[in-house]
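Let's walk through this model together, from its packing to its rings and its odd backbone angles. Have the viewer open and click along.

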Amino acid sequence: MLTLTLNGQRHCLNHLPADTTALSLLRGHLGACGTKEGCASGDCGACTIAIGTRHDSGDLHYHSANACILPAHQLHGCHVLTVEGLPRGEHLHPVQQALVDHHGSQCGFCTPGIVMSLFCLDHDRRRRGMNGPPDDDTIDATLGGNLCRCTGYRAIRDAARAMHTLPCPVMDDPAELPETAMAGGFHRPENRHALIEILTQHPQARLIAGGTDLMLEHTLALKPLPELIDLSAIGELRHIDEQADGWWIGAGVTYHRLAPLLADHYPAFHALLERLGSLQIRYRATLAGNLANASPIGDTPPVLMALGARLRLNGAQGMRELPIDDFFTGYRCTALAEGEYLDAIYLPRLRDGEQLLAWKVSKRRDDDISAVMLALRAVTGHDGRLNNVRVACGGMAATSQRARHAEAALEGRVFDGDVLANACKAIAEDFSPIDDVRASRDYRLAAMAGLLARARYRLTSRHDAIPMTLEEI
């Protein structure tokens, strides 16, 4: 049985298939048709809803999510708001009224999702007692996962700046929901031991955390997912454990929770994270999920390879560790044995003088998968020579991989123009990228040469290290 509160009303539903999406639940079962399907892949934001969870203070905190790729069963015990639940009688919510006042909608198809994204921002700012309009960066980050083809964004941003000036009605505080058992093919273990038991009993079941990649198999490829094992209720996997030389990041830690740690210790990783999906995605997706799906264009594996991360795997045979370099065994294949799962990722601290650089190239700046990805870690000595160089690339092969020849071309050398040229040639020895829908082979090699030139500029702070032409390389 699935129990949730939708717009203040409690609902209990039985016999929902494991792969039912929240969007299907809302539109097909609960009649909340204001939430739209635009892309079925979490890209356009038309299906955005607000999910409320209680913090220690007892207050409800809302975050945005893409209903089209969210498993409905993950809403169990949650308080859900859609665009229908915001008005009070004949009075629109301030977000809705501001969009009306500033002509922020034309065809209106994307508007419900925009309303819900801005609602989460407005609710959080009012809860924290923040006065005045949000700044442009905050607005852009909030709307990074909402596409509008009609208005452009000027009117929508104007509405975002004005919504705080309107009085906000008191939102209902729904009662707590009783715990009920999950049924069918959707399993929700509450600890590691239960997870291993279910994995042993259901070896064909798929593991799901945020579902931001796995659910695309169902929504786009139309593949059934009859059995899912949800990791979101396992508290042991939501920990960030600090060690003397780094941090263990549990498999259930979302990007949103991870962001403050990255901002403090890995600024380049944090900057990359701000371009990984949208707020809707980062509230749900996990670092472990990005690794486990083994995509060759995943954004985080090259960074973790550059850092020299370690992985902890767990299963019926016990825990084991392995370096991330040994995790990917082929296209969409990993070293996980049957009955094993990825339990945690270890991020080593950067040592004194070490720098981490990370950049992606994609068609859109926000909410897009990378065409190519470069991550580089190195120490620049007092003599200008690079030491302890690790270079990793994504989008250049069937898996994310270290660029061993490029590392050798850089190690122990002053990063001058000749070394840059040699490193660019070495990249072509490390990889033989293919032509596909995202980029051609030549484009990928040229883009990687440009990223290496940018790395030279950042590591040497020399203005003559601005990317050169292909002919000069």
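Leaving aside neighbours within four places in sequence, which residues is I345 in contact with? They are W247, W248, I249, L287, A288, L291, L304, A309, R310 and L311, where contact means heavy atoms within 4.5 Å.

A word on ground rules. This is a predicted model, so local features need pLDDT of at least 70 and side-chain atom pairs count only at pLDDT 80 or more, while totals for chains, interfaces and linings use all residues. Residues are numbered from 1 along each chain as its sequence is written, and side-chain values use heavy atoms, with hydrogens and water left out.

## Cores

I345 shares a distinction with F269: of the 80 residues in the largest nonpolar core, these two touch the most other members. A nonpolar core here is a set of buried Ala, Val, Leu, Ile, Met, Phe, Trp, Tyr and Cys residues joined through side-chain atoms within 4.5 Å. Buried means under 20% relative accessible area, exposed means over 50%, and partly exposed is in between (1.4 Å probe, protein chains only). A second, separate core has 33 residues, including L376, V389, A409 and C424. As background, nonpolar side chains tend to be buried together in soluble globular proteins.

F269 turns up again around V303, which sits in helix α12 (residues 300-307). Helices (H or I, at least four residues) and strands (E, at least two) are DSSP runs, numbered from the N terminus. V303 is buried, at 0% relative accessible area. Not counting residues up to four places away in sequence, V303 touches F269, L272, L356, A358, M373 and A375. For a sense of scale, the C-alpha atoms of V303 and L26 are separated by 38 Å, with their positions 277 residues apart along the chain.

## Rings and charges

A search of the whole structure turns up 4 aromatic pairs. The rule: rings of Phe, Tyr and Trp (its six-membered ring) pair if their centres lie within 6.5 Å, with planes under 30 degrees apart called stacked, over 60 edge-to-face and the rest tilted. Two of the pairs are tabulated here.

| Pair | Type | Centre to centre | Angle between planes |
|---|---|---|---|
| Y62 and F119 | edge-to-face | 5.4 Å | 65 degrees |
| W248 and Y346 | tilted | 5.0 Å | 55 degrees |

W248 lies in strand β10 (residues 246-250) and Y346 in strand β15 (residues 341-348), so this pair ties together parts that are 98 residues apart in sequence. W248 is buried at 8% relative accessible area, and Y346 is buried at 6%. Each ring also has an arginine over it: the charged end of R310 sits over Y346, 4.6 Å from the ring centre, and that of R312 sits over W248, again 4.6 Å from the centre. The test for that is NZ of Lys or CZ of Arg within 6 Å of the ring centre and within 35 degrees of the ring normal.

R312 is also one of the contacts of R192, alongside I234, E236, L237, N314, M319, Y341 and D343, again leaving aside neighbours within four places. R192 belongs to helix α6 (residues 192-201) and, at 18% relative accessibility, counts as buried.

## The sheet and its surroundings

Now for an open sheet of 5 strands, ordered β2-β1-β5-β3-β4 with mixed pairing. Its edge strands, β2 (9-13) and β4 (60-66), each pair on one side only. Strands pair if DSSP finds at least two bridges between them. Parallel strands β1 (residues 2-6) and β5 (residues 79-81) are joined by 2 bridges, and T5 stands opposite H79 in β5. Helix α1 (residues 22-29) packs on the sheet, touching β1, β2 and β3 (48-54), and its direction makes about 70 degrees with that of β1. Axes are lines fitted to C-alpha atoms, for helices over the stretch in contact, and angles run from 0 to 180 degrees between N-to-C directions.

## Positive phi

Which loop holds N7? N7 lies in the loop between β1 and β2, with a positive phi of about 50 degrees although it is not a glycine. At 22% relative accessibility, N7 counts as partly exposed. H15, in the loop between β2 and α1, has phi near 65 degrees and is exposed at 80% relative accessibility.
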